[in-house]
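Biologist: Please take a close look at the aromatic rings of this model, both where rings pair with one another and where a charge meets a ring.

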Amino acid sequence: MQDPPPERADLDQARHWLTTLHGGAPGLINIVATDEWAGRTFATDENGINAAVGYIRALDQQHKQGIYARVTTLAQAPAPGKRGGAADSLAFPGFWGDLDLAGPGHKTKDVLPATVEEAQRIIAVSGLPEPTMWIHSGGGLYPWHLLDEPVLVTADNFADMATLAARWQLVILAASEQLGYGYGEGVGDLARVLRIPGTINRKEGLARACTVLEASGITYSLDDLATALYRIDLPEPTHAARTAPPPRPRATIYTGGGQVGPFDALAEICEWRDLFEPAGWTFVQVERDGAELWLRPGGTSKYSVRCGYHGVPVAVVHSEEAGLPSGGGQRLTHGRVLAHLLYGGNETAAAKDLRAAAAGDPTAGPARALRPAILDHIRQRCAVRPWEPEVPWPRAALDEQPEEEPAPAAAASSAADVRRIMANADEATILRGVFASPAALADYTWAAPGDEQPHQVLPPFPVHTLPGDVGKFVEAVAIYMQVPVDLPAFAVLGALATLVGGHATITGKWTENALNLFLAAIADSGEGKSPAVGAVTAPLYELERTLRTEYDAAYADMAELHEIAVKTRERLISKIADSVGDKRTAMLAELDAIKTEIADNTPPPRPQLLAGDVTPEVLGKIMHRTGGHIGIISAEGGFMGTLTGRYSKGIPNLELVLTAFDTSEPYRLERITREPFEVERPSLTVSLAVQPVVIADAVNSPAVADRGLLNRFLLAAPESLAGRRDKDPPSVPPHLADAWRATVKRTFYGVLPSGKPVDDKGEPVGPVPMQIGEPAEAIHLEWRRRLEERVDPDSGDLAAMKGWAKKLEGLVYRLAALLHLAAGKGASEPVDVPAMLDALTIADWAIPHAVAVLSGGTGADRPGATGPVQEAADNVLAWIRRKGVQEFTVDTVRAGLRGRSWVKQHGAQGIRAALLVLAQQGWIASVERTGSDGRKLKDAAFVPHPELLGRAL
């Protein structure tokens, strides 16, 4: 006898599933239902899950056919009535499948498994590991492979995650077809929704429970599942042809030069299938008029979008749940569809990513997944310069040699030097052993390697992180001025921090007392720094003039009366000193009246946003006069030189500047030779374009290093464009300059609505408190954890820069708040996930620049490698020195540096590549190893140069 059909949802089971799937993960849970596909979002903490269960109860009471949860969390709540797309995903909990069972509710003509056992056999033959759990949806099975911990989906890894999810489904599809079964379309979309265990499947008028069938408890790392996934040979799906729309007819494919926008080039070659299929959409049919019909993931209507009506290359969306602008008034080009499907509607980000992907930049985002022919066309049409990697990670020669025939050890002359022998040995010999034994090695001289540093080309500033048209403005300035984009980008960040500074605070896990920044971009003379910085600061000076005009109109008479009263007081005091008796008494009474007049006519400070090349003493007086906050944005490094003692015999003057970075305490100047004053909340923004020598002085000054001045700076070391500059570049479009001007005003008045930093009594206005939103804080926490691993003294690549790295955590708070305000968000609104992700992108960009600058910059090339391989080699050198390792193997290094990201990614091959570099540079020598049976082993042992162990040669 069968169990009676359930009447109500099992809310305890639903709560347990939501906790298992998303509990405590970054982002928002999205619950939807039949006819309510936008649904609602909830936090992933206990309170949020309880609220989600309450919503499930309400939907169940309405007898909804299906109640679903999105497989990934959302980075932020979508607009009212809209569903988030795949690009809005934040936390990826694991891989899923959706195996339909034969029976009611499935209109497909494909053969489906008749029983649970038949469906489970699909996974068994697929080659995928055992699922964490099996869920019966009431009409099919969901095999879930859950991760040990969720993976954050970012702009950098979105394409990879989407590809993994799609390939997972293709593996299940191949196994289904192998057994003669059909499998659904669009299952791998990151925005996929699946029924919630405990809810009721009421499709086709039936009532069947969705419930957990089996739970093995096994969880996996993403690396383990990705490795298992790509070990499976994937045949072409047998039914792929019947779901493919015909190619769009085209008269000509452009192959010549010239420049157009990436969206225009995309439209010339892109098929609608190139955009919709990777996003999980299903092709329906081609109508008589040539229009293609496509159905969104999870869609139940005939189609969701019509594309190419009468040959016009636009799409019209007919479903409000499609995650695209809908309605006949919205005619979407290929570029706009791409932007909404993969970039949250950010067309600027989509266009930039198209160019990056066309250039072949491996750090590009989702656009990398487009067909090579599309990217090639965009590269030619838009005259995109091909991306040139810093250095490809070399493949160790040992991997290419047959194991049966090891290369013989190189013969060595007794007159030769170890360094010369190692430099001339081939890679295979180095990896198997150049010298017969450590004793044989000792018979040779070994010259010390030089101290040369490699040249490193650092990544350009990620302008896509700047909101709205600000990023476009920065790019336009860089193109017009023919300077690296880092220079105007730093000027923009400095401008935003100047406008806000001490007028706001930002609170998350802790509070940053001001939103000021210290920034320094390094560029030689003749690099065009001044015009680039001037283009950015012009609106700030305009705003300052406007504020002063308003000030003069409001306070000119008061200022004159104040000046008269002050001079009267001075004359009166002189007369009092020479008077006696009643006359003195009368004059003292008159002095009291003058003091009252001065107090009544003291105007507020005259507005000032920027200071020039000042000394710290003068800077303090300016800050005292203007209410505490000021900015310095300059294309010269004079102020930095003054601070670090470049012009004062090496004696730095840092007290005010260090205090004004943290705004943690008042600044008081009390000197016998100067009039004392106090700044209650000192706040300073510094954005400079400095010559390398200025930074070199600061890096090499023990006095400056001890005070940690450079630990407070974001640093940029862009590559010079000298010799490659366009002498007739396009001007900055007026609408972009206007957009930047509007951003300046909006940001300033967003924290100072009155435009005044002081109140009517002349007292500084208190800072506006801003807050980091919980989802954004969760992302920041995850990033902080990774950063903490990088400062580990034994395994961290940033161990030598832990002071700078610690300051970076707070700078991310400040950057996120500034980007939030610049985007037009109110100071009372919590800082959201997009602003935090952009701030973290800037922080991650800043790390290699800081490493290059604070480690002494770049110089002559070292033989062997540059970039990441040389960085790996330097990690090994530091490990040898720190641990005093006298002999080691590849496995020894792997164990000692297992926490390094490059070791995790490249394993033994990466270690061999690093050791080859060190061998060719003369830092290590290789000796043969033999096993217990006397046979030579595949891998050599390595002996470090005596200098690494502190021994004399």
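Modeller: A charge is taken to sit over a ring if NZ of Lys or CZ of Arg is within 6 Å of the ring centre and within 35 degrees of the ring normal. In this predicted model, the charged end of Arg881 sits over the ring of Trp923, at 5.5 Å from the ring centre, and the charged end of Arg296 is placed over the ring of Trp37, with 5.6 Å to the centre of that ring.

Turning to rings that meet other rings, the count comes to 22 aromatic pairs. One of them joins Phe518 and Phe713, whose ring centres are 5.2 Å apart and whose planes make an angle of 50°, a tilted arrangement. Because Phe518 belongs to strand β18 (residues 518-522) and Phe713 to strand β23 (residues 713-716), this pair ties together parts of the chain that are 195 residues apart in sequence. Phe518 counts as buried, since its relative accessibility is 1% and the cut-off for buried is under 20%; Phe713, at 2% relative accessibility, is likewise buried.

The pair formed by Phe748 and Tyr749 has its ring centres 5.1 Å apart and its planes at 80°, and is therefore edge-to-face. Within this pair, Phe748 is buried, with 3% relative accessible area, whereas Tyr749 is partly exposed, with a relative accessible area of 29%.

Ring pairs also build a cluster, in which Trp17, Phe92, Phe95, Trp96, Trp144 and Trp168 are linked.

Technical notes. Residues are numbered from 1 along each chain as its sequence is written. This is a predicted model: local features need pLDDT of at least 70, side-chain atom pairs count only at pLDDT 80 or more; totals for chains, interfaces and linings use all residues. Side-chain values use heavy atoms; hydrogens and water are left out. Rings of Phe, Tyr and Trp (its six-membered ring) pair if their centres lie within 6.5 Å; planes under 30 degrees apart count as stacked, over 60 as edge-to-face and the rest as tilted. Helices (H or I, at least four residues) and strands (E, at least two) are DSSP runs, numbered from the N terminus. Buried means under 20% relative accessible area, exposed over 50%, partly exposed in between (1.4 Å probe, protein chains only).
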